Amino acid sequence: MLGGWGWGDKMELPEAESPGSPHWFSEVETAHIAGSEDAVAWDDAADFVVVGYGGAGVAAAIEAAESGLSVLAIDRFHGGGATVMNGGVFYAGGGTRMQREAGVEDSPAEMFSYLQPEVGGVVSDRTLWRFCAESPAMLEWMMAHGVEFNARLFPGKTSYPTADYYLYHSDSSLTASAEARAKPAARGHRAFMPPSKSAVGYGVGLYDPLKRAAAALGVRVMTKAFARQLLLDSAGRVLGVKVLQIPPGTAEADEHDRLEQKGIGLLLRVPPAFPGSGFFIGRANKMLARAREIEARYRVARYIRARRGVCLSAGGFIFNRDMVGHYAPRYLKGMPLGSPGDDGSGIRLGQTAGGAVERLHHVSAWRFINPPAAWARGMIVNGRGERFVDETLYGASIGLKMVEEQGGRAYVILDAALRRAVWQELRHGRILPFQRYPAMLAMLFGSKSGRTLPELAAKCGFDASVLAETVAAYNRVAADVGADAFGKGARDMAVIGEGPYQALDISIDAKLEPLPTLTLGGLRVDEDTGAVLGVDGEPIGGLYAAGRTAIGICSNIYVSGLSAADCTFSGRRAGRAASLY
């Protein structure tokens, strides 16, 4: 037994995936075979235990509770995860109520046709079709649990609309290449909340109503608790989880909470690449180190029985910089996007039970260049001065090509007319402050100028002849002579005419244009149940995964709101399956 009883046998894993191995980079411990539930002195129990109480976790909890299960959610912080920190966008289509009210025509077939190439086969076509066909009902499910949406439509292209618009194209569906395969439809549904000038924090409009709905259903929440270890029976099925928690209500818990909140707040205040960020990072690390000291002294182990299963929904690992450096080193210079709880512990827990992982090398990097819209009418070139992408694509598609194919180097090329258009938009256009002011700084201090193209090439290190050829080819298409090699439509292009010219640095390490990044890989799951699959391809009894802890709809190319939608889709799937386990 545990807590004074014998541990039983250890679960053996390949060294490369084991706690203690050189690349584990986690406090998660090796899973232990306790034999049977009677061999453990449990401190608490529930039918369904959710590890990580963000968007996926709360969806799983609600679905399980509505199926009659008792549910206990465990969270390292106070719940919400990356969901509460995002822009509150939920990707839905196929003819949602908001789309119909806005006069947007859409169908599951059009949604599927658009998403299929974006998803790239990371889930089966059957699962993707189910996601699209169920999308209108899924939005209704959100609204039935208190989430509010609005049908006011922003019809053009933007990475994020101003505060008085709630339905927009949050993907690449308005690009010429996408229009050729599917009829465009606005599918980005932003949660309806009081207007804000920030894109951060709208996520509470998605999360808080669901959290309240879960509480009304009797879902219990254990906060400030770190799931450290899985407990298995002799057949490898999950019995429960070992949790480390600072006893709530104590002075130590209050002090730990204060230090963590201040430290995380400082850590997220400015992007790491920004000048002066080292001051905030240094202060944050000191506070977080003191919080870790409290954990080391005062955390106690609690053993939680999960009669119908455990759902791992603890996010990805973008804030575990050692893991990012090991699996996706090209993205280390990017800005982590999400919650500091995205440390990979959910993925590692699944691996200790024999769970298989995929695409841990795959990171989404967001290089948005609209607004200002004039940037997207110019050219993006690599370090030699060659174009490599359609500039009107969604930012994650641009970022992927930039990092994976161009070594993270990229520049936006503008002529005199486009420069004037950019400043006109920045000064007088309807742009949110988080979009306007970084763009102004980048235009003023994050670029190089030249009176001629050869002069610009010399200053930036481009091959002058390559840049000249690139501009000539671009101008031919902009003048509607021939087709663009990258699929950009002439309507979205401006002829690069007279100088002076400007090259805006949008590389991964650009100090004034931070590149947000998040991980998309995770545990392999059964697409019908969300059960974690072992390395042998068979489901692991009593273990599920959802959200960014698992492979899902958005594990290939991210578009705004798709992760939130996949969290709901995959979380509900796990909750339903647990009720039948």
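These exercises with worked solutions walk through the structure above.

The model is predicted: local features need pLDDT of at least 70, side-chain atom pairs count only at pLDDT 80 or more, and totals for chains, interfaces and linings use all residues. Residues are numbered from 1 along each chain as its sequence is written, and side-chain values use heavy atoms, with hydrogens and water left out.

**Exercise 1. The whole chain**

Task: Find out why the radius of gyration of the protein chain agrees with that of a compact globule.

Solution.
- Step 1. Take the rule: 2.2 Å times the number of residues to the power 0.38, with the radius taken over C-alpha atoms.
- Step 2. Apply it. For 581 residues, a compact globule would have a radius of gyration near 25 Å.
- Step 3. Compare. The protein chain has 24 Å, so the value agrees.
- Step 4. Add the box. Along the principal axes, the C-alpha atoms fill roughly 80 × 50 × 45 Å.

**Exercise 2. Cover and contacts**

Task: State what percentage of the 581 residues count as buried. Then describe the contacts and the exposed area of the protein chain.

Solution.
- Step 1. Fix the classes: buried means under 20% relative accessible area, exposed over 50%, and partly exposed in between (1.4 Å probe, protein chains only).
- Step 2. Read off the share. Of the 581 residues, 59% count as buried.
- Step 3. Turn to contacts (heavy atoms within 4.5 Å). Take those between residues at least 6 apart in sequence: 75% of them join residues at least 24 apart.
- Step 4. Look at the outside. The protein chain exposes about 21900 Å² (Shrake-Rupley method, 1.4 Å probe). Carbon and sulfur atoms supply 54% of that area.

**Exercise 3. Two cores**

Task: Name the residues that touch the most other members of the largest nonpolar core.

Solution.
- Step 1. Define the set. A nonpolar core joins buried Ala, Val, Leu, Ile, Met, Phe, Trp, Tyr and Cys residues through side-chain atoms within 4.5 Å.
- Step 2. List them. The largest core has 67 residues, and Phe48, Tyr53, Phe90, Leu115, Leu128, Phe131 and Phe149 touch the most other members.
- Step 3. Find the other core. Apart from the largest lies a core of 56 residues, including Trp423 and Cys460.
- Step 4. Recall the general trend. In soluble globular proteins, nonpolar side chains tend to be buried together.

**Exercise 4. Two helices**

Task: Which residues of helix α3 are buried, and what do they pack against? How many residues of helix α11 are buried?

Solution.
- Step 1. Fix the elements. Helices (H or I, at least four residues) and strands (E, at least two) are DSSP runs, numbered from the N terminus. The protein chain has 18 helices and 23 strands.
- Step 2. Take α3, residues 108–119. Its buried residues are Met111, Phe112, Tyr114, Leu115, Glu118 and Val119.
- Step 3. Find their partners: β5 (89–91), α4 (125–133), α5 (135–144) and α6 (176–179).
- Step 4. Follow the chain on. Gly120 comes after α3, and its phi is positive, near 65°.
- Step 5. Take α11, residues 345–352. Eight of its eight residues are buried. Just after α11, Gly354 has a positive phi of about 100°.

**Exercise 5. Buried or partly exposed?**

Task: Decide whether Asp233 is buried or partly exposed, and do likewise for Asn150.

Solution.
- Step 1. Place Asp233 in strand β10 (residues 225–233). Its relative accessibility is 8%, so Asp233 counts as buried.
- Step 2. Skip neighbours within four places in sequence. Asp233 is then in contact with Ile33, Gly35 and Leu239.
- Step 3. Place Asn150 in the loop between α5 and β6 (153–154). Its relative accessibility is 24%, so Asn150 counts as partly exposed.
- Step 4. Skip residues up to four places away again. Asn150 touches Met98, Tyr166, Leu167 and Phe192.

**Exercise 6. Backbone exceptions**

Task: Which peptide bonds to Pro371 and Pro500 are cis? What phi does Phe25 have?

Solution.
- Step 1. Start from the rule. Most residues other than glycine have a negative phi, and most peptide bonds are trans.
- Step 2. Check Pro371. The bond from Asn370 to Pro371 is cis, with omega near 5°. Pro371 sits in the loop between β15 (363–365) and α12 (373–377).
- Step 3. Check Pro500. The bond joining Gly499 and Pro500 is cis, with omega about 5°.
- Step 4. Check phi. Phe25 is not a glycine, yet its phi is positive, about 50°. Phe25 lies in the loop between β1 (9–10) and β2 (32–35).
- Step 5. Add Arg359. Its phi is positive too, about 60°. With a relative accessible area of 23%, Arg359 is partly exposed.
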